[in-house]
Structure formats: C-alpha cells, structure tokens
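Hello,

Here is the structure I promised to pass on to you. Please have a look at it first, and then read on for my notes.

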Amino acid sequence: MRIGIIGAGAMARALGGGWAAAGHDIVIGARDATKAQEVVAEIRARDGSDNARSTSIAEAAEFGEAVLLAVPVAALTEILEGIGPALTGRILIDCTNAFRPDLGTFTLTEDAVAERIAATVPDAHVVKGFNLCAAEVYVGAQLEFEGRTLLVPLCGDNPDAIARVSSLTEDLKLRPCHAGGLAQARYMEATSAFVVGQWFGGNDSRAMFPPLDATFAEVDE
C-alpha cells in the first residue's frame, strides 16, 4: 500500500519504519524538510528498507492511499486546511493526542480531536488509532504481554477503512480491534490521557484492568 506520513516525530519513525519493513511504500512529509529526511535515513538504517523517501506535506497527502497524521494537535488546522482536497476518499489515520500536563499527569486541551479532523476534511475516512501507547512500544522487541499480543483499538465509521487499517496493524505484528464508530474516539483519547498520565506517575496502568477472561458483570437488582 502507498502510505503518506505527515510529521517527522517519534510516531512517524515507529509506524513508518514498521510499514516500510513490511513492504509498503512510504513517503514522509513535514514542515521541516531536514527532519523528514532524517526520519527516512533512520528507517532505512534500522530496517534495511529502501522503500521510504521524504517529500513535502502536500505530496505526502497526494501519494498515500492511507495517510498517517502524526503532528502536534496545535498544527492540525493549518495542515488540514492546506491539504484537505487531496484527502478526498483517502484513509486518514489519526494517532494524535491533545495532552496538557497537569500536576504530573495529563488532561486534554480538547475533547474530540478525531471528530474535529473529520469535520475539517469530511470527504476523508478518518480512523483513530495508535494513540494509547508511546511510539517506543510499537517498535519494541516485546509485543506480547502475559500471552496476549498488544491490542490496537481502532475507531471509525467506514468499514473498508477499518479493514485496511486493521491489515496495516497486523503488518506491525499487533492485533487490531474495531472499538466503535468515530464518536467513540473521544473516549479513547480520554483513556489515553488518563492511562499515559498514570504511567508517567509511576503507576502500573496494566494492573488496573483485568484481562477479558477475568471480567464479569452482574445485573443490579
């Protein structure tokens, strides 16, 4: 698949590198061309792949059948206004988080980034995903914990877009799940702020949630 990546930070390195290693054609565009070139050089050096190159943001949007939006939330409006027409009919993967530090944890600067993106580029098929873990987790040597492959929830309204991003998730040796429509994405964004904030605070977020086979529900009488 042709994948355009907008941004040159840790997520561009992690996901772009994984997809390039899986055989996808990757183009990385960023406001800082030098940083985009550095990410491409790192991907080639790390994964031995030559199917990644740098370009402009506009060309990355036009290139990708799927486009990963991996930029700071504060930059979204300017970037989307510039490339909106190129995203018509494209899959737009949103891995952003609107984090704001708050007493050692995080709150959100806005409640529903994915919904705002979809409203700004209504002709794109927005899928929220890859926002619950730091980039280093997705490229870590360990992707299985207690016998369970790391699960990547995906929120979106277009079934074909969800299916294709699910396939891209599996290419990273991760396990995808459809976690609901795009209206659910705001809750995933809030979950990210809470869970990541707990990790930063030194609390084991994984220990807060039992595995599925240990959960139960009883009807209140």
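Please keep in mind that this is a predicted model. I have grouped my notes into strands, pockets and nonpolar cores.

I began with strand pairing around β8. This strand and β11 (residues 151-156) run antiparallel to each other, joined by two bridges. One pair to look up there is K128, whose bridge partner in β11 is C155. β8 (residues 125-128) also pairs with β5 (residues 91-94), this time in the parallel sense and over four bridges. In that pairing, H125 of β8 sits opposite I91.

Next come the pockets. The largest pocket holds about 1,100 Å³ of space. Its lining is made up of 32 residues, and L132, L150, L151, R206 and F209 are the closest to the centre. Which element gives the most to this lining? That is α8, with six residues. At least two lining residues each come from α6 (135-138), β10 (148-149), β11, β12 (175-178) and α8 (185-200). So far as residue class goes, the lining of the largest pocket has 20 nonpolar residues, along with seven polar and five charged ones.

The second largest pocket has about 540 Å³ of space. There are 28 residues in its lining, and those nearest the centre are G9, A10, M11, A70 and V71. Here α1 (10-21), α6 and α8 each contribute at least two residues to the lining. α6 and α8 are thus worth a look in both places, as each also supplies at least two residues to the lining of the largest pocket. By class, the second largest pocket is lined by 19 nonpolar, five polar and four charged residues.

Finally, the nonpolar cores. The largest one has 38 residues, and W19, I93, F130 and Y138 have the most contacts inside it. α1 gives the most to this core, with six residues. Another core lies apart from it and has 29 residues, including V73, A75, V126 and C155. C155 is thus worth finding on your screen, being also the bridge partner of K128.

If you would like one residue to start from, try W19. Which residues does W19 touch, leaving aside those up to four places away in sequence? They are I3, H24, I26, L68, I93, F130, L168, D171 and L172. Of these, I93 and F130 are listed with W19 among the residues with the most contacts inside the largest core.

Over to you, and happy browsing!

Best wishes

Notes. Residues numbered from 1 in each chain as written. Predicted model: local features only at pLDDT ≥ 70, side-chain atom pairs only at ≥ 80, totals over all residues. Heavy atoms only, no water. Pairing = 2+ DSSP bridges. 1 Å grid on protein atoms, 1.4 Å probe; cavity = no way out; pocket = protein on both sides within 12 Å on 5 of 7 lines; lining within 4 Å. Points joined across faces, edges and corners; volume = space filled by probe spheres on them. Nonpolar A, V, L, I, M, F, W, Y, C, P; charged D, E, K, R; others polar. Core = buried A, V, L, I, M, F, W, Y, C linked by side-chain atoms within 4.5 Å. Buried < 20%, exposed > 50% of the residue type's maximum accessible area, 1.4 Å probe, protein only. Contact = heavy atoms within 4.5 Å.
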